[in-house]
Amino acid sequence: MTVRLRHAGAEDAPALAALHARSWRVSYAPYVPAEALGAPLDDNMRARWDSWPADRLILLAEDGDAVLGFAAVVRQDVPLLDNLHVDPDARSGGVGARLLKMIAACLVEEGATALRLVVIADNARARRFYVRMGGQEGTPHDETLLGATVRMVPFRWSGAAFDALAADFGRQSRKDA
């Protein structure tokens, strides 16, 4: 498998919507009502991606024509990693780590000094990944996700942790991008 990372564009919206829905079905099934992950989810994701979000930095990982994952960051004072999804069949292959590192490297180039996100508290796999990637856990809180109240844990990279995340991408092949 040859994974290529690049900036996503509006032409990628259908593939992002499809992967986003598939990832939610696999990742969120234990935490939200089953009906929230049914057929309406595809329509919701298409609608979400139909209007290209210009305020976001969106990166795509692909192998040939296959979309393996994507990451999307809302540009704010402290950028918010709104989405990091890897195709369930491509997990544990380093795609998520490469996307997260490239996001950090791109944000450094834009002048950012930190990154944050929130993850479902019971999603032990995701939490272990973000800790392994240098993220610092914050205080858990409740949010509504797809009609269900779920406990969420914030993560943050700043200072040396953020710099290291971005530098790790810089040590990878710069042919990505």
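The exercises below, each with a worked solution, concern a predicted model.

**Exercise 1. The largest pocket**

Describe the largest pocket by its volume, its lining and the elements that supply the lining.

Solution.
- Step 1: The volume of the largest pocket is about 900 Å³.
- Step 2: Its lining consists of 34 residues, and those nearest the centre are L84, H85, N123, A126 and Y130.
- Step 3: By residue class, the lining divides into 18 nonpolar, 10 polar and 6 charged residues.
- Step 4: At least two lining residues come from each of helix 1 (13-28), strand 4 (80-86), helix 3 (95-109), strand 5 (114-120), helix 4 (124-132) and strand 7 (141-145).
- Step 5: Strand 4 gives the largest share, 7 residues.

**Exercise 2. H85 at the pocket**

Place H85 in its element, decide whether H85 is buried or exposed, and list what H85 touches.

Solution.
- Step 1: H85 belongs to strand 4, the element with the largest share of the pocket lining.
- Step 2: The relative accessibility of H85 is 5%, so this residue counts as buried; the cut-off for buried is under 20%.
- Step 3: The side chain of H85 makes a polar contact of 3.2 Å with the side chain of N83.
- Step 4: With neighbours within four places in sequence set aside, the contacts of H85 are L19, H20, S23, W24, Y28, L68, G69 and F70.

**Exercise 3. Aromatic pairs around Y130**

Classify the ring pairs F129–Y130 and Y130–F155 from their geometry, and state which parts of the chain the second pair ties together.

Solution.
- Step 1: The structure has 6 aromatic pairs.
- Step 2: In the pair F129 and Y130, the ring centres are 5.1 Å apart and the planes stand at 65°, so the pair is edge-to-face; that class begins over 60 degrees.
- Step 3: In the pair Y130 and F155, the centre-to-centre distance is 5.6 Å and the angle between the planes is 50°, and the pair is tilted.
- Step 4: Because Y130 is in helix 4 and F155 in strand 8 (residues 148-158), this second pair ties together parts 25 residues apart in sequence.
- Step 5: F129 and Y130 are both buried; the relative accessible area of Y130 is 8%. F155 is also buried, at 1% relative accessibility.
- Step 6: Ring pairs join F129, Y130, F155 and W157 into a cluster.

**Exercise 4. E62 and D63 in strand 2**

Assign E62 and D63 to their burial classes and describe the surroundings of E62.

Solution.
- Step 1: E62 is in strand 2 (residues 56-63), and D63 is in strand 2 as well.
- Step 2: E62 has 11% relative accessibility and so counts as buried. D63 has 28% and so counts as partly exposed.
- Step 3: Side chain to side chain, E62 makes a polar contact of 2.7 Å with R6.
- Step 4: Not counting residues up to four places away in sequence, E62 touches T2, V3, R4, R6, V67 and L68.

**Exercise 5. Separation in sequence and in space**

Give the sequence separation and the C-alpha distance for D63 with A112 and for A105 with D77.

Solution.
- Step 1: D63 and A112 are 49 residues apart along the chain, with 29 Å between their C-alpha atoms.
- Step 2: A105 and D77 are 28 residues apart in sequence, and their C-alpha atoms are 16 Å apart.
- Step 3: A105 itself is in helix 3 and, at 9% relative accessibility, counts as buried.

Technical notes:
Residues are numbered from 1 along each chain as its sequence is written. This is a predicted model: local features need pLDDT of at least 70, side-chain atom pairs count only at pLDDT 80 or more; totals for chains, interfaces and linings use all residues. Side-chain values use heavy atoms; hydrogens and water are left out. On a 1 Å grid over the protein atoms alone, a cavity is a set of points where a 1.4 Å probe fits but cannot get out, and a pocket is an open set with protein on both sides within 12 Å along at least five of seven lines; lining residues have an atom within 4 Å of a point. Grid points are joined across faces, edges and corners, and a volume is the space filled by probe spheres set on the points. Helices (H or I, at least four residues) and strands (E, at least two) are DSSP runs, numbered from the N terminus. Ala, Val, Leu, Ile, Met, Phe, Trp, Tyr, Cys and Pro count as nonpolar, Asp, Glu, Lys and Arg as charged, and the others, Gly among them, as polar. Rings of Phe, Tyr and Trp (its six-membered ring) pair if their centres lie within 6.5 Å; planes under 30 degrees apart count as stacked, over 60 as edge-to-face and the rest as tilted. Buried means under 20% relative accessible area, exposed over 50%, partly exposed in between (1.4 Å probe, protein chains only). A polar contact is a pair of N or O atoms within 3.5 Å; within protein, one must be able to donate a hydrogen and the other to accept it, and residues adjacent in sequence count only if both atoms are side-chain atoms. Contact means heavy atoms within 4.5 Å.
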